[in-house]
Amino acid sequence: MREANMMPETRTEAEDYKSNVEVPETAHAVSTDSWLQAGFVLTTGVNSVFVLGYSGTIMVPLGWIGGVVGLLLATVLSLNANMLVAKLHEHGGKRHIRYRDLAAQIYGRRAYTITWAMQYVNLFMINIGFLILGGSALKACFAVFNYEHTMKLPYCIAITGFACTLFAISTPHLSALRVWLGCSTVLGLIYIIVSCVLAVKDGINAPPRDYSIHGKSSSRIFTTIGASANLVFAFNTGMLPEIQATVREPAVKNMLKALYFQFTIGVVPMFAITFIGYWAYGAETSTYLLNSVSGPLWVKAAANISAFLQSIICLHIFASPTYEYLDTKFGIRGSALKLNNLSFRIAARGGYLVISTLVSALLPFLGDFESLTGALSTFPLTFILANHMYIVAKKNKLSLLQKLWHWSNVVIFAIMSIAATIAALRLIAVDSKQYHVFADL
């Protein structure tokens with residue numbers, strides 16, 4: 001009798017959570033992954049193949065002082081903003097597994113559509129970047145062995161798009177990545193370690209480098225603003241609630257652990273390759289670092305192949321909200337190998353990636369797209385919305401000083417977003433005049 005009376009007191013934290021928090025309907029897995037797996041998803045995003053460009057797209061326009069201070073400041077501000085979003089995951093007694101659901105809960109239904117549009121523009125632009133980088137890595141690999149007759153970039157982008165389509169069809173949802181996250185980590189370490197070692201070798205043997213910021217005053221203003229958008233782009237996914245949806249209960253506590261992992265251990269490789277690359281080559285650093293390094297052909301080839309393969313896995317992470325929307329809307333459930341489900345993934349995901357690949361090959365200006373993505377979507381989703389949603393959701397629990405802090409973030413990042421959008425559009429317009437469509441950069 002005594003044991004029976006004690007039963008309610010021994011309920012686990014997860015059982016209490018399930019009875020108190022509503023989970024929305026979705027065709028994808030929810031509450032299945034550990035905080036460490038979520039941490040690796042976030043770390044994969046930070047150390048994706050994009051890191052091969054940060055020496056050129058962040059450090060070259062900003063220089064040593066601006067680049068180092070900017071990256072450290074972006075790290076702290078990004079961690080703070082992502083923590084705010086993570087803490088709102090269960091706002092109103094409902095688990096918000098999509099960014100747009102969270103915005104709708106706080107602002108009303110109209111915000112659902114606006115947030116949905118911003119997020120999917122953000123993810124689409126990121127995926128364009130992965131396709132361009134995957135194609136660049138493949139082209140660089142061909143060039144290592146046959147420089148005079150290498151395959152052109154648009155064809156390499158097309159091959160990357162085809163490989164991404166095969167991976168998307170065979171991997172039904174974000175939680176199904178599991179072993180692929182381990183593969184992604186190994187692949188990332190290969191191209192980061194190779195780039196760092198070869199860059200250090202080149203830097204030791206090279207004459208003094210030029211670290212000055214080049215260009216006229218007017219153009220330097222625009223490139224500096226564009227680089228500030230790249231700073232926040234480096235740390236933020238724009239899909240934190242979707243990643244948090246996969247985390248086991250208690251979701252808020254476990255997601256905070258994943259964020260601490262990302263912004264401590266996870267950022268070390270990214271900082272290393274960014275600073276070492278700029279130190280070795282200065283203002284001449286390429287926007288794809290493996291094009292700057294010199295070393296054994298097979299080592300460079302291995303690094304480029306690793307970058308190509310890792311871009312495929314990363315693209316799947318950032319495309320997963322789109323896949324989840326399509327699967328849920330059309331009721332794709334059950335076994336991933338069921339003929340109906342397989343056919344749908346081939347048609348829906350294949351169509352999405354065909355469009356993405358076409359746009360990537362059409363305008364392969366990587367640095368410009370990073371800037372535009374950061375300006376249009378990363379600033380609003382990560383900083384403006386995160387701080388304002390927290391003000392609205394916690395308005396009666398915040399002190400005056402806390403409210404002033406969050407409002408200052410909203411105003412400052414809104415101004416930066418507008419300025420960065422103008423700068424990015426100018427860069428794209430300039431490059432569009434300099435290069436034709438389907439350019440072989």
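I'll start with one residue, D202, which is buried, at a relative accessible area of 10%. The cut-off for buried is under 20%, so 10% qualifies. Keep in mind that this is a predicted model.

Where is D202? It is found in helix α8, which covers residues 179–205. And what does D202 touch, leaving out residues up to four places away in sequence? The list is Y281, S292, V293 and S294.

Now the protein as a whole. Its secondary structure comes to 16 helices and 0 strands. The protein has 441 residues, and 56% of them count as buried. As for contacts between residues at least 6 apart in sequence, 83% join residues at least 24 apart.

Next, helix packing. Two packed helices are described by the angle between their axes and by the distance between the axes. I have two pairs to show, and α13 takes part in both.

The first pair is α7 with α13. Helix α7 runs over residues 153–170, and it packs against α13 at an angle of about 55°, with the axes 9 Å apart. Roughly parallel would need an angle under 35 degrees, and roughly perpendicular is 65 to 115, so α7 and α13 are oblique to each other. The crossing of these two helices, α7 and α13, is right-handed. Which residues meet there? From α7 we have T160, A163, C164, F167 and A168, and from α13 we have F308, S311, I312, I313, L315, H316 and Y323. The residues of this contact of α7 with α13 divide into 9 nonpolar, 3 polar and no charged.

The second pair is α13, residues 297–329, with α14, residues 339–362. Here the angle is about 125° and the axes are 11 Å apart. Roughly perpendicular stops at 115 and roughly antiparallel means over 145, so α13 and α14 are oblique too. The crossing of α13 and α14 is right-handed. On the α13 side the residues are L315, H316, A319, T322, Y323, L326 and D327, and they meet F344, A348, R349, Y352 and L353 in α14. In this contact of α13 with α14 there are 8 nonpolar, 2 polar and 2 charged residues.

If you compare the two lists, L315, H316 and Y323 of α13 appear in both.

Now a check on helix length, using α9, residues 217–233. How far should its 17 residues span at 1.5 Å a residue? The expected span is 24 Å, and the end C-alpha atoms are 25 Å apart, which agrees. Several residues of α9 are buried, including G226, A227, L231 and F233.

Last, some loop residues. K152 sits in the loop between α6, residues 109–145, and α7. Its relative accessibility is 49%, so K152 counts as partly exposed. K152 and G135 are 17 residues apart in sequence, and their C-alpha atoms are 9.2 Å apart in space.

R178 is in the loop between α7 and α8. It has a positive phi of about 30°, although it is not a glycine. With a relative accessible area of 44%, R178 is partly exposed.

P250 lies in the loop between α10, residues 240–244, and α11, residues 251–262. What kind of peptide bond joins E249 and P250? It is a cis peptide bond, with omega at about -5°.

Note on methods:
Residues are numbered from 1 along each chain as its sequence is written. This is a predicted model: local features need pLDDT of at least 70, side-chain atom pairs count only at pLDDT 80 or more; totals for chains, interfaces and linings use all residues. Side-chain values use heavy atoms; hydrogens and water are left out. Axes are lines fitted to C-alpha atoms, for helices over the stretch in contact, and angles run from 0 to 180 degrees between N-to-C directions. Helices (H or I, at least four residues) and strands (E, at least two) are DSSP runs, numbered from the N terminus. A crossing is left-handed if the near helix is turned anticlockwise from the far one by less than a right angle, and right-handed if clockwise. Contact means heavy atoms within 4.5 Å. Ala, Val, Leu, Ile, Met, Phe, Trp, Tyr, Cys and Pro count as nonpolar, Asp, Glu, Lys and Arg as charged, and the others, Gly among them, as polar. Buried means under 20% relative accessible area, exposed over 50%, partly exposed in between (1.4 Å probe, protein chains only). The expected span of a helix is 1.5 Å times one less than its number of residues.
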